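Trainee: Before I use the labels attached to this model, I would like to understand how each of them was reached. Could we go through them one by one?

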Amino acid sequence: MTIWIKGGELVDPVRGVVEESDIMVERGKISKILPRGAFLEAGPGLKIIDASGKHVVPGLVDMHVHLREPGEEYKETIATGAKAGVVGGFTSLACMPNTIPPNDCSSVTEFILSQAQKAGLARVYPIGAITVDQAGEVLTEFGDMKKAGVVGVSEDGYSVADSKLMRSAMEYARFHDLTVICHCEDMHLSAGGTMHEGVVSTRIGLPGIPAASEEIMVYREIALARLTRTPVHIAHVSTEESVNLIRRAREEGLPVTAETTPHYFHLDHNAVIGYDTRCKVNPPLRTPADVEAVKRGLSEGVIDVIATDHAPHSPMEKDLEFDRAACGMIGLETALPLTLALVKEGLFGMAEALRKLSYNPSRILGIPGGGLSTGSPADLSVIDADTEYTMKEEDFHSKSKNSPFIGVVLRGRNDLTMIGGKVVWQRDSTHIDRR
Ligand code: DOR
Ligand code: ZN
């Protein structure tokens, strides 16, 4: 079947342009891109997707999600996480290894990939653990895991405390051509803390996590990248000094990339004043000055990627005293409008937003996607950038509802997700194609 996506504004982050173009999809691939109106009207066997008034964008790529399977399927499964992903406009998800058991060997990687295949929704790319059982002592078998399908390694949720081991991990990763994604936290310095250490933590009486606990490790990872000449990617950047360190590393020409998440550019530590555990995340929400620095980092291109750190938790882990609650918030279904808010603010344009949500993460992980060009797989989303709505708990497709954006008026949302030429999700439609 041939599909004609007509009438939309095509956003191409590779060329950095937004233009009125129609797309023809045949046999799962983009077969033609032509100026709007250049195609002839329908014939038999032609399906039309009307994208008038909407943007047609490369499918979003989230390089940092927690899918919780195996082990915590009551919070999320690969199928429910993939569903939340495609609803949010994501066609590819890279999932972190802190499952139970962790993804620290090829059999877990194979299991994740087979569950993703069964779900038949988003493309899922597993990230392997750096150390066995994420215990920080023995490196995992990077080569075995790579053969099984991991696209990177990370100890996300923890840092590798032993710098010599981390150095070996980087050298080993470079040999196997795997992206190293660094969760930066000096676990001794952050121990016991539940929110950012500052005026708010003092006022409301919660133990703090100093910004330095992140920055020390950002500095170490940059120093090790310099030593080993291995590309490193800094996960969930939250402080001003982290942004400064990454900026300097880039000026020096080091192979350092970075991501942040929408909660670090929309929320600050004042959100914790009511002890709302949905705002308990790791790293913690920082100061308004940090939020401004993260935004500056995004607009200058020092921060390459907007990921979600989608971290589903059930009421069992969240409806608790603040200090006992788990860290994390869901993000797959709110990342797009929260990023479009920065476009609206004038921080960057639509094409740059798609670079951060799609092109850059694909390049950093070395996976397909991130562009719309003739011959490439038809992984794309059709988004309505202007519609305004109040996000409701029942709107989420994720199994968990731990989002502080419930009840918030958002602007912009995904309306249709296509993967490999199949419509895997469409708003207001019960029909979907199986991948
Ligand atoms: O807030 C977080 N939640 N940060 C992490 O590093 C881990 C994640 C989780 O797995 O819940
Ligand atoms: Zn994470």
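Mentor: Let us start with residue classes: Ala, Val, Leu, Ile, Met, Phe, Trp, Tyr, Cys and Pro count as nonpolar, Asp, Glu, Lys and Arg as charged, and the others, Gly among them, as polar. In this predicted model, the lining of the largest pocket then divides into 11 nonpolar, 14 polar and nine charged residues.

Trainee: Which residues lie nearest the centre of the largest pocket?

Mentor: They are N98, G157, N282, H313 and C327, out of 34 lining residues, and the pocket has a volume of about 600 Å³.

Trainee: What makes H64, H66, D156 and D309 protein donors of the zinc ion (ligand 2)?

Mentor: A donor is an N, O or S atom within 2.8 Å of the metal; NE2 of H64, NE2 of H66, and OD of D156 and of D309 lie 2.0 to 2.2 Å from the zinc ion, and therefore they qualify.

Trainee: Why is the arrangement around the zinc ion (ligand 2) called irregular?

Mentor: Four donors count as tetrahedral if all angles lie between 85 and 135 degrees, whereas the angles here run from 83 to 170°, so the tetrahedral label fails; the arrangement is classed as irregular.

Trainee: How do you know whether H64 and D156 are buried or exposed?

Mentor: Buried means under 20% relative accessible area; H64 has 0% and therefore counts as buried, and D156, at 2%, counts as buried because that value is also under the cut-off.

Key: Residues are numbered from 1 along each chain as its sequence is written. Chains are lettered from A and ligands numbered from 1 in the order in which they are written. This is a predicted model: local features need pLDDT of at least 70, side-chain atom pairs count only at pLDDT 80 or more; totals for chains, interfaces and linings use all residues. Side-chain values use heavy atoms; hydrogens and water are left out. On a 1 Å grid over the protein atoms alone, a cavity is a set of points where a 1.4 Å probe fits but cannot get out, and a pocket is an open set with protein on both sides within 12 Å along at least five of seven lines; lining residues have an atom within 4 Å of a point. Grid points are joined across faces, edges and corners, and a volume is the space filled by probe spheres set on the points. Donors are N, O and S atoms within 2.8 Å of the metal (3.2 Å for Na, K and Ca); water is not among the atoms, so sites may look incomplete. Four donors count as tetrahedral if all angles lie between 85 and 135 degrees; four count as square planar and six as octahedral if opposite donors are over 155 degrees apart and all others between 65 and 115; anything else is irregular. Buried means under 20% relative accessible area, exposed over 50%, partly exposed in between (1.4 Å probe, protein chains only).
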